[in-house]
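Take a look at the fold below before reading on. Keep the sequence at hand as well.

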Amino acid sequence: MEKELLMHSPAVSGYPIHANLNSILPNHPSYKEWLFTNHMQLRLDWYETNIFHLDFYQPLMREYHPLLSIHSIQKEMLRLLKMDICDFFVESINNGSYIYVLIDKKYIPAYKTDESSPHDLFIYGYDAKTREFKVADFFPEPFAVYKKTTATFHQIKQAVQENINYKEDTWDNIFGIQLISINKWKSYTFNLVYFKNSIEDYRNSTNSAKRYEIIEGIPAEEQCLHGSLHPVFGISIYNRLIEIAGLNFPDLSFQFLRAMHMLYEHKVLMTKRIRYLRDLGLLEGKLFEEYFKDVEQKAHVIRNYILKHIITQGTAFNKTKLVSMIDELSYTEYNYLGKLSDILN
């Protein structure tokens with residue numbers, strides 16, 4: 001028997017959580033309404049000199065989603081029930097559930113690593129004849145690219161079960177193995193008021209997470225799950241990126257590339273959102289599309305500049321030029337968002 005659940009090319013793919021969920025969400029009739037209401041706010045967590053993370057701000061995304069059913073079961077529970085992990089995954093897929101699970105990368109050949117490293121893997125199908133699961137994630141080519149591949153039942157079993165201290169496994173205790181499916185009983189409507197507030201939060205660098213602290217329930221000290229103690233939101237992210245660019249940049253270039261790719265995806269989505277707002281009759285003409293296409297292009301140039309720096313090993317890198325480009329992007333976007341906010345009001 002073989003079964004493969006439907007996967008689309010994701011509209012947002014900077015990190016696994018976005019790529020995976022946005023691969024299945026187009027199956028829901030309210031997907032566009034949810035997509036364009038959200039994804040305005042950005043968050044940057046800077047943990048220490050050489051470790052930082054820039055991402056869309058999506059509160060509670062791993063535990064709750066307005067268009068999905070997300071159920072969790074701990075690996076420890078399956079062990080106590082003496083249930084074969086592969087049988088459990090097969091039956092979950094048969095029931096229409098995608099599987100999100102923390103694994104050890106060294107057991108999955110597509111990661112091309114012998115080092116033990118925890119990472120979340122998405123499973124969307126299986127082939128009982130070849131005894132393989134169909135999996136998706138960012139796999140090296142040599143740069144990480146989101147793609148589909150396979151892993152054998154044996155490899156998945158090893159990757160899920162090896163070297164687990166169940167009592168101290170923070171991920172398993174909080175998220176467990178997640179079974180995710182489209183919930184077509186739920187619906188979503190584009191929320192203009194929420195979106196306008198999100199624009200202002202972004203322009204004013206408002207700490208949006210403060211609104212959700214009371215229900216998130218993850219201690220701030222658990223930074224691997226919670227984020228840094230002092231995150232930066234919205235337009236102030238650019239100042240922090242400029243600060244980071246002034247550090248030992250060669251050691252930060254890959255992280256910086258990923259951050260700039262997330263910024264670029266943020267701008268691409270904004271251009272699509274402008275077209276969506278025009279289709280709703282909230283905007284007229286193509287002026288705002290031209291505005292935000294300009295922002296998108298500026299972000300694209302910066303991302304490619306960092307990529308060129310990595311490929312050429314810094315032979316043509318100019319830190320002053322990078323800072324100037326980031327500063328110009330920030331100024332341009334801030335002004336265009338102000339114009340958009342004014343016309344939507």
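What follows is a walk through the core, two helix pairs, a covered helix and two loop residues. The model is a predicted one.

Start in the interior. The largest nonpolar core has 101 residues. Within that core, Phe89 and Phe133 touch the most other members. Helix α11, residues 249–279, supplies the largest share of the core, with 13 residues.

Stay with Phe89. Setting aside neighbours within four places in sequence, Phe89 contacts Ile99, Val101, Ile123, Phe133, Ile156, Val160 and Ile177. Phe133 is thus both a contact of Phe89 and one of the two residues that touch the most other core members.

Phe89 also takes part in a helix pair. The axes of helix α4 (residues 85–94) and helix α5 (residues 153–161) come within 9 Å. They cross at roughly 110 degrees. That angle makes α4 roughly perpendicular to α5. From α4, the contact uses Ile85, Cys86, Phe89 and Val90. From α5, it uses Phe153, Ile156, Lys157, Val160 and Gln161. By type, these contact residues are seven nonpolar, one polar and one charged.

Now pick out Phe153 in helix α5. Is Phe153 buried or exposed? Phe153 has a relative accessible area of 7%, so it counts as buried. Beyond its neighbours within four places in sequence, Phe153 contacts Cys86, Val90, Tyr126, Asp127, Arg131, Glu132 and Phe133. Cys86 and Val90 belong to the α4 side of the helix contact. Ala209 is another matter: the C-alpha atoms of Phe153 and Ala209 are separated by 39 Å, with their positions 56 residues apart along the chain.

Just ahead of α4 sits Asp84, in the loop between α3 (75–80) and α4. Asp84 has 25% relative accessibility, so it counts as partly exposed. Asp84 and Lys157 are 73 residues apart along the chain, yet their C-alpha atoms are separated by 8.6 Å. Lys157 is one of the α5 residues in the contact with α4.

Turn to a second helix pair. The axes of α7 (residues 192–203) and α13 (residues 319–344) come within 10 Å and cross at roughly 150 degrees. The two helices are therefore roughly antiparallel. Their crossing is left-handed. On the α7 side, the contact residues are Leu192, Phe195, Lys196, Ile199, Glu200, Tyr202 and Arg203. They meet Glu333, Tyr334, Leu337, Gly338, Leu340, Ser341 and Leu344 of α13. Sorted by type, the contact holds eight nonpolar, two polar and four charged residues. The spacing on each helix has a simple background. An α-helix has 3.6 residues a turn, so residues three or four places apart point the same way.

Which residues of helix α1 are buried? Helix α1 runs over residues 16–24 and is mostly covered, with nine of its nine residues buried. They are Pro16, Ile17, His18, Ala19, Asn20, Leu21, Asn22, Ser23 and Ile24.

Finish with the backbone. Most residues other than glycine have a negative phi. Lys112 is not a glycine, but its phi is positive, about 55 degrees. Lys112 is found in the loop between β5 (98–104) and β6 (118–127). Its relative accessible area is 64%, so Lys112 is exposed. Ser205 also has a positive phi of about 55 degrees without being a glycine. Ser205 lies in the loop that links α7 with α8 (213–216).

Technical notes. Residues numbered from 1 in each chain as written. Predicted model: local features only at pLDDT ≥ 70, side-chain atom pairs only at ≥ 80, totals over all residues. Heavy atoms only, no water. Axes fitted to C-alpha atoms, helices over the stretch in contact; angles between N-to-C directions. Helix = DSSP H or I, 4+ residues; strand = E, 2+ residues; numbered from the N terminus. Parallel < 35°, antiparallel > 145°, perpendicular 65-115°, else oblique. Left-handed = near helix turned anticlockwise from the far one by under 90°. Contact = heavy atoms within 4.5 Å. Nonpolar A, V, L, I, M, F, W, Y, C, P; charged D, E, K, R; others polar. Core = buried A, V, L, I, M, F, W, Y, C linked by side-chain atoms within 4.5 Å. Buried < 20%, exposed > 50% of the residue type's maximum accessible area, 1.4 Å probe, protein only.
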